[in-house]
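Colleague: I should like to learn how to read a model of two chains. May we go through one together, feature by feature?

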Amino acid sequence: MTVKQRKIVLASSIIALSFGIVPTVSAMHIMEGFLPPSHCILWGILCIPFLIAGFFSINRTRKEHRKTLLIFAMAGAYAFVLSALKIPSVTGSSSHMTGTGLGAILFGPAAVSILGLIVLIFQAVLLAHGGLTTLGANTFSMAIAGPLLTYGVYKLCQKMKMNRLVSIFLAAFLGDLFTYCVTSVQLAFSHPSEVGGMAASLAKFLGIFAVTQIPLAVIEGILTVIVIIGLESYAKSELKELGYLSR
Amino acid sequence: MTKRGKLVIVLLLLSAVIAVVPLILIQDSEFGGADGAAEEAITEIDPDYETWASPVIEPPGGETESLLFCVQAGLGAGVFGFILGRLTERKKHEKN
């Protein structure tokens, strides 16, 4: 990132943070209209610095590592497929995966925020799944918080010299699960229970979203490992350029 | 077959099993979306809450909705497969 780009990201972060501090607080994605307007705006603003950073990150990839764009498109397509598949789970309800883990591991969490946003807009506008008013909250959980955790877990596992495929599994699995934990927190924030307050609501939403998501998160972890195995054998040069494989 | 090839097949089978097991174990469920379950929970916790926005375009029914989800998956799978195909071909050429 250039100095100017850093400044823009920093400035937008400060604005976002200052909104975060103001106590405005009185799996599937959050449904249209199910968050109060103030929360929609809050989550939306929190996303902006990440999206700007993502925009710069993609731009840099485009200029400096042009040949990796093909892999980036692949990561986007992967997120498209995975978030369209609603899979039955042990709780008796269905949910879908996020598919953002692959991109986060290869391109970093910032770039993926844009991919996730595209998927979410597609689903909100055409599929009535998620929503435009809840776009900010959903982007935050699926395109920012999840990928961020995935990236962190992956880097940590690398530091601990863990087997690479095992670290990818763990990173994608935890990132997927974390997305739906964040969704539950967002809903609990907006809909605290009269009896027991936010904690009671949180327990309830975690029971719905997070528990449903556990087997799906395992599947996402496995699929991400499979794709990486494929890329390692067919796209070595791109992975080296991305710094995923050592040169 | 290489060791990794075998691993891929085992992993694919494993993920299919994980997806199918709930269908066999839980008989009396329609496997509705978790977002629907959350909607019910919200109405329960917050009976006075009124949704203040509704989707811009709502598919008329389940069939159209599943069509659109298929389009999404199809688009993704198409692009993914196209790129993977190019990569595998490239590797072949590199060898020759």
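Modeller: We shall take confidence, the interface, one helix and the domains in turn. Please keep in mind that this is a predicted model.

Colleague: Let us begin with confidence. What pLDDT does each chain average?

Modeller: Such a value expresses the predictor's confidence in each residue. Chain A averages a pLDDT of 89, and 95% of its residues score at least 70. There is a stretch to read with care: over residues 21–27 of chain A the pLDDT is below 50, and beyond near neighbours in sequence this stretch has eleven contacts in the model. Chain B averages 85, with 100% of the residues scoring at least 70. For the complex, the predictor gives an ipTM of 0.86 and a pTM of 0.86.

Colleague: Which elements of chain B have the lowest and the highest mean pLDDT?

Modeller: Among the elements of chain B, H2(B) has the lowest mean, 79, while helix H1 (residues 3–25) of chain B has the highest, 92.

Colleague: How many residues of each chain are in contact at the interface?

Modeller: Here a contact requires C-beta atoms within 7 Å. By that criterion, 54 residues of chain A are in contact with 49 residues of chain B. On the chain A side, at least two residues each come from helix H3 (69–82), strand S1 (86–88), strand S2 (94–96), helix H5 (109–126) and helix H8 (197–234). The most come from H8(A), which gives 16 residues. By type, the residues on this side of chain A are 37 nonpolar, 14 polar and three charged.

Colleague: How does one read a single helix, such as H2 of chain B?

Modeller: One may begin with its length. Helix H2 (residues 34–45) of chain B has twelve residues and spans 16 Å from its first C-alpha to its last, close to the 16 Å expected at 1.5 Å a residue. Next, one asks which residues are buried. In H2(B) they are B:Ala34, B:Asp35, B:Ala37, B:Ala38, B:Ile42 and B:Ile45. These lie on the same side of H2(B), because they cover an arc of only 150° around the axis. The face turned away from that buried side carries the exposed residues B:Glu40 and B:Glu44.

Colleague: Against what do the buried residues of H2(B) pack?

Modeller: They pack against elements of chain A, namely S2, helix H7 (164–190) and H8.

Colleague: Finally, what domains does the assignment give for chain B?

Modeller: The domain assignment gives domain 1 (1–53) and domain 2 (59–96) of chain B. Taken over C-alpha atoms, the centres of these two domains are separated by 22 Å.

Note on methods:
Residues are numbered from 1 along each chain as its sequence is written. Chains are lettered from A and ligands numbered from 1 in the order in which they are written. This is a predicted model: local features need pLDDT of at least 70, side-chain atom pairs count only at pLDDT 80 or more; totals for chains, interfaces and linings use all residues. Two residues are in contact if their C-beta atoms, placed from the backbone, lie within 7 Å. Helices (H or I, at least four residues) and strands (E, at least two) are DSSP runs, numbered from the N terminus. Ala, Val, Leu, Ile, Met, Phe, Trp, Tyr, Cys and Pro count as nonpolar, Asp, Glu, Lys and Arg as charged, and the others, Gly among them, as polar. The expected span of a helix is 1.5 Å times one less than its number of residues. A residue is buried if 20 or more other C-beta atoms lie within 10 Å of its own, exposed if 12 or fewer, and partly exposed in between; C-beta atoms are placed from the backbone. The arc is that of the directions from the helix axis to the C-beta atoms. Domain bounds come from an automatic or database domain assignment. pLDDT is the predictor's confidence in each residue, from 0 to 100.
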